[in-house]
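Me: I should like to learn how a ligand site and its surroundings are read from a model. Could we begin with the site itself?

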Amino acid sequence: MKYIVVTGGVVSGLGKGVTISSMGRLLQACGLRVTAIKIDPYLNVDAGTMSPFEHGEVFVLDDGGETDLDLGNYERFLNIHLSQDHNITTGKIYRHVILKERRGDYLGKTVQVVPHITNEIQDWIERVAKIPTSEDGKEADVCLVEVGGTVGDIESSVFLEALRQFQFRVGTENFLLSFVSLVPVISEEQKTKPTQHGVKDLRSLGLSPSIIFCRSTEELSEPTKQKISDFCHVPANNVLSVHDVKNIYQVPLLLETQNLHQLLQAQLKFDLKSPDLGNWKTMANNMSSWTDTVQICLIGKYTGLQDSYLSIIKSLRHAAIACEHKLDLQWVEATDLENNVDEAWDKVKKAQGIIVPGGFGNRGFEGKILAAQYCRENKKPYLGVCLGFQAVVVEYCRNVLNLEGANSTEFDESAKHQVVFFMPEIDKTTMGGTMRLGSRVTKFTHPTFDDGSISITKQLYGNKDVIHERHRHRYEVNPEYVDQIHEGGLKLVGRDETGERMEVAELPGHPYYVGAQYHPEFKSRPLAPSPPFHGLLLAATGKLDGYLKSL
Ligand code: GLN
């Protein structure tokens with residue numbers, strides 16, 4: 001196993017995740033199997049209890065792991081399936097060590113940060129790197145290890161110390177350290193000082209990077225590369241320019257042109273074939289020339305931080321790529337719809353499609369219901385995910401089935417018609433990891449309608465009878481209302497394996513009105529869009545009928 005460790009300096013939000021994923025994509029194009037580990041130095045055991053406002057979206061894995069959104073970047077770029085152990089946090093490591101100490105595993109020794117925590121980190125990396133994550137189920141050749149935060153943070157220092165030791169544990173020929181930095185351009189001059197300081201900090205910890213990725217608004221000049229080389233103890237060829245490009249899918253191409261694969265090979269000595277990025281390259285190059293635009297409106301409650309909806313945005317983009325359209329994404333705060341803010345309603349009316357993503361808590365739910373109602377009545381393409389699905393159900397019960405006071409007990413515990421309610425098996429007191437989480441089965445149990453047509457959703461999933469998607473919720477459609485809703489016209493086409501839990505709703509006769517209790521956005525890929533998102537964009541661009549006929 002070869003380990004490529006990536007650290008970052010200067011500022012966060014540099015696009016370290018995209019740079020690393022792109023390096024992985026390039027190595028895959030050279031015939032290697034690649035896996036990835038993300039280290040988050042915070043004390044939370046996982047991201048499940050963190051506010052999307054503070055930390056961006058919580059990414060959900062097949063095994064129910066609630067993790068940092070960077071794992072989503074890896075899964076999407078590298079087309080791999082990670083487990084919760086691929087996200088290492090300080091909380092997880094300490095919890096593990098403390099449990100061992102309580103069991104008496106340390107045989108009376110004083111348990112210390114060095115060596116016990118540092119050893120635990122190294123054991124963890126070595127163990128998890130071997131877990132197969134690619135489609136073929138084979139062990140990876142290369143493991144990318146991203147250290148979150150920036151070099152110099154107090155909380156990441158123990159991880160850097162563990163990695164310093166790790167290079168000797170696995171052998172220096174199996175270990176490569178890289179550093180992602182920022183080269184700001186001030187008065188047309190490319191500034192190298194922040195990079196110099198970042199590398200100096202790293203070297204003071206006994207770690208010396210072999211490759212430096214420089215994020216910048218413009219391509220790095222040769223003198224800039226030379227200067228970084230002089231001050232940072234790397235050859236100038238190993239200073240790579242990761243400047244802004246037209247779209248993120250071009251980053252692997254950018255790294256290829258700078259021979260990153262050969263630089264890695266020179267140190268890590270793996271067998272490489274010459275890179276073939278295939279369809280990826282065509283996609284990355286073609287998409288900048290598309291002229292048609294599709295306007296989609298996202299109605300949410302965390303719209304102040306777009307990272308809160310990262311996988312939703314990515315899924316819309318993947319679907320827009322498949323429809324060969326540029327995506328024009330408009331943001332609307334759900335509460336603005338409740339308050340009749342004209343600008344917000346104008347966006348909803350103008351958009352070619354509406355997406356209502358998941359969410360928790362009262363604020364904005366009524367606005368989401370108004371959006372669902374508007375789309376139902378005006379035949380506007382609509383996709384509701386998780387809470388957006390629950391909004392569809394509540395809206396239909398209130399306004400079509402005339403169940404006055406219908407609501408979810410999440411928002412009104414004494415609602416007259418509790419059409420969405422708390423799932424019986426869910427823990428009410430402990431927050432972390434206690435929702436219905438991860439990959440679960442959905443069966444298309446009611447796929448044909450009175451007019452003989454087949455569920456659009458089922459067709460979009462390639463007419464499969466059974467699908468697996470990822471979940472994260474505490475509330476569900478109340479089984480007592482299911483028959484009434486279904487017979488009343490909102491078809492509950494997909495259900496779990498017991499038939500008791502509703503997973504997909506669809507309104508026949510509407511161009512596209514779909515809700516899913518699960519989160520399809522977590523399994524979308526640039527070259528394989530998630531079916532419900534694909535459906536939304538096909539409907540929004542007027543291509544859905546043609547697509548379904550072509551199947
Ligand atoms: N709050 C809702 C529930 O827990 C929806 C969750 C979500 O949208 N992820 O069921």
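Reply: Let us begin with the space that the ligand occupies. In this predicted model, that space is the largest cavity.

Me: Which residues surround the ligand?

Reply: A shell of this kind is read by distance, with a heavy atom within 4 Å as the criterion. Here the shell consists of Gly358, Gly359, Phe360, Cys386, Leu387, Gln390, Glu410, Arg472, His473, Arg474, Tyr475 and His519. By class, four of these residues are nonpolar, five are polar and three are charged.

Me: Which helix and which strand each supply at least two residues of the shell?

Reply: Here one maps the shell onto the secondary structure. Helix H16, residues 387-399, and strand S19, residues 466-473, each supply at least two shell residues.

Me: Which ligand atom lies 2.7 Å from a polar side-chain atom of Glu410?

Reply: Polar contacts are read as pairs of N or O atoms within 3.5 Å. In the pair with the Glu410 side chain, the ligand atom is a nitrogen. Ligand oxygen also pairs with the protein backbone: a polar backbone atom of Leu387 is 3.1 Å from an oxygen atom of the ligand, and for a polar backbone atom of Tyr475 the distance to a ligand oxygen is 2.9 Å.

Me: How much of the ligand does the protein bury?

Reply: One compares the ligand alone with the ligand in place. Alone, the ligand exposes 300 Å², and the protein buries 99% of that area.

Me: What do the domain annotations cover?

Reply: Such ranges come from a record, and they can be set beside the geometry of the model. An unreviewed UniProt entry annotates residues 2-269 as "CTP synthase N-terminal" and residues 305-536 as "Glutamine amidotransferase". In the span 2-269, the end C-alpha atoms lie 9 Å apart, with 41% helix and 19% strand. For the span 305-536, the end C-alpha atoms are 23 Å apart, with 31% helix and 25% strand.

Me: Is the peptide bond from Val114 to Pro115 cis or trans?

Reply: The omega angle is the value to consult. This bond is cis, with omega near 15°, and Pro115 is found in helix H5, residues 113-129.

Me: Where is Glu188 found, and what is its phi?

Reply: Glu188 is in the loop between strand S8 (185-186) and strand S9 (189-190). Although Glu188 is not a glycine, its phi is positive, at about 65°.

Notes: Residues are numbered from 1 along each chain as its sequence is written. This is a predicted model: local features need pLDDT of at least 70, side-chain atom pairs count only at pLDDT 80 or more; totals for chains, interfaces and linings use all residues. Side-chain values use heavy atoms; hydrogens and water are left out. A polar contact is a pair of N or O atoms within 3.5 Å; within protein, one must be able to donate a hydrogen and the other to accept it, and residues adjacent in sequence count only if both atoms are side-chain atoms. Accessible areas come from the Shrake-Rupley method with a 1.4 Å probe; for residues, only the protein chains shown count as cover. On a 1 Å grid over the protein atoms alone, a cavity is a set of points where a 1.4 Å probe fits but cannot get out, and a pocket is an open set with protein on both sides within 12 Å along at least five of seven lines; lining residues have an atom within 4 Å of a point. A molecule sits in a cavity or pocket if more than half of its atoms lie within 2 Å of its grid points. Helices (H or I, at least four residues) and strands (E, at least two) are DSSP runs, numbered from the N terminus. Ala, Val, Leu, Ile, Met, Phe, Trp, Tyr, Cys and Pro count as nonpolar, Asp, Glu, Lys and Arg as charged, and the others, Gly among them, as polar. UniProt positions are given in the numbering used here, feature names are shortened, and annotations may be inferred rather than shown by experiment.
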